[in-house]
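Please examine the structure shown below. The paragraphs that follow lead through its main features in turn.

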Amino acid sequence: MAKLVGRWKLDRTDNFEEYMTALGVSVFMRKAAMLLPNPTCEIMHPAEGHFIITMNVPIVMTHVQDFRVGEPFEDMIPNGENQMTVVSEEGDGKLVFKEDKEGGDHVVSRELIKDEMVMTLRKGNISCVRTFKRII
């Protein structure tokens, strides 16, 4: 998992507004999110199975996810609501965040592809890909 550890800045995004619509984010917040400077993300791995991910969205907020792999935790999603989430590790360096409820259809993954962190977000049949570059 050390591959994901570090600081990242959003480089490009595909289908983000449609994803936010599927989550129920208001029109005002969707439009504002599209105009804001690119967020940064810091991933820390202080202990085996323990991660802290800080997403800094300029002007709007800083979102911190402090979790242990396999243990449910309360997480805030982009529409401002909280959901229970469980994270698993898949393969060599992929973190998968799944809504922890029967029939939950909200899934987010982070993985290293070449030298980029690729974040894939899915709500129902709507997918979004956000690609981050490492900050040196």
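**A guided reading of the model**

This is a predicted model. Helix 1, formed by residues 16-23, lies across strand 1 (6-14), strand 8 (106-113), strand 9 (116-123) and strand 10 (126-134). With respect to strand 10, helix 1 runs at about 125°.

The strands just named belong to an open sheet of 10 strands, whose order is 4-3-2-1-10-9-8-7-6-5. The pairing in this sheet is antiparallel. In general, strands of a sheet pair through backbone hydrogen bonds, in either a parallel or an antiparallel manner. Strand 4 (61-68) and strand 5 (73-76) stand at the edges; each has a single partner strand, so one side of each is left without a neighbour in the sheet. From one strand to the next, the twist averages 30°.

One pair of strands may serve as an example. Strand 6 (residues 82-90) and strand 7 (residues 94-99) are joined in the antiparallel sense over six bridges. Glu 90 has Lys 94, in strand 7, as its bridge partner.

Arg 7 offers a view of a single residue within strand 1. Beyond its neighbours within four places in sequence, Arg 7 is in contact with Cys 41, Glu 42, Lys 133, Arg 134 and Ile 135. Although Arg 7 and Ile 43 are 36 residues apart in sequence, they are 6.5 Å apart in space, C-alpha to C-alpha. Arg 7 has a relative accessible area of 42% and is therefore partly exposed.

The surface also carries a nonpolar patch, formed by Phe 28, Met 29, Ile 59, Val 60 and Met 61, with about 530 Å² of accessible area together. Phe 28 lies in helix 2 (residues 27-35). Phe 28 counts as exposed because its relative accessibility is 64%, and exposed means over 50%.

Key:
Residues numbered from 1 in each chain as written. Predicted model: local features only at pLDDT ≥ 70, side-chain atom pairs only at ≥ 80, totals over all residues. Heavy atoms only, no water. Pairing = 2+ DSSP bridges. Helix = DSSP H or I, 4+ residues; strand = E, 2+ residues; numbered from the N terminus. Axes fitted to C-alpha atoms, helices over the stretch in contact; angles between N-to-C directions. Contact = heavy atoms within 4.5 Å. Patch = residues over 30% accessible without salt bridge, like charges linked within 9 Å, V, L, I, M, F, W, Y side chains within 5 Å. Areas by Shrake-Rupley, 256 points an atom, 1.4 Å probe, with all protein chains shown as cover. Salt bridge = Lys/Arg side-chain N within 4 Å of Asp/Glu carboxyl O. Buried < 20%, exposed > 50% of the residue type's maximum accessible area, 1.4 Å probe, protein only.
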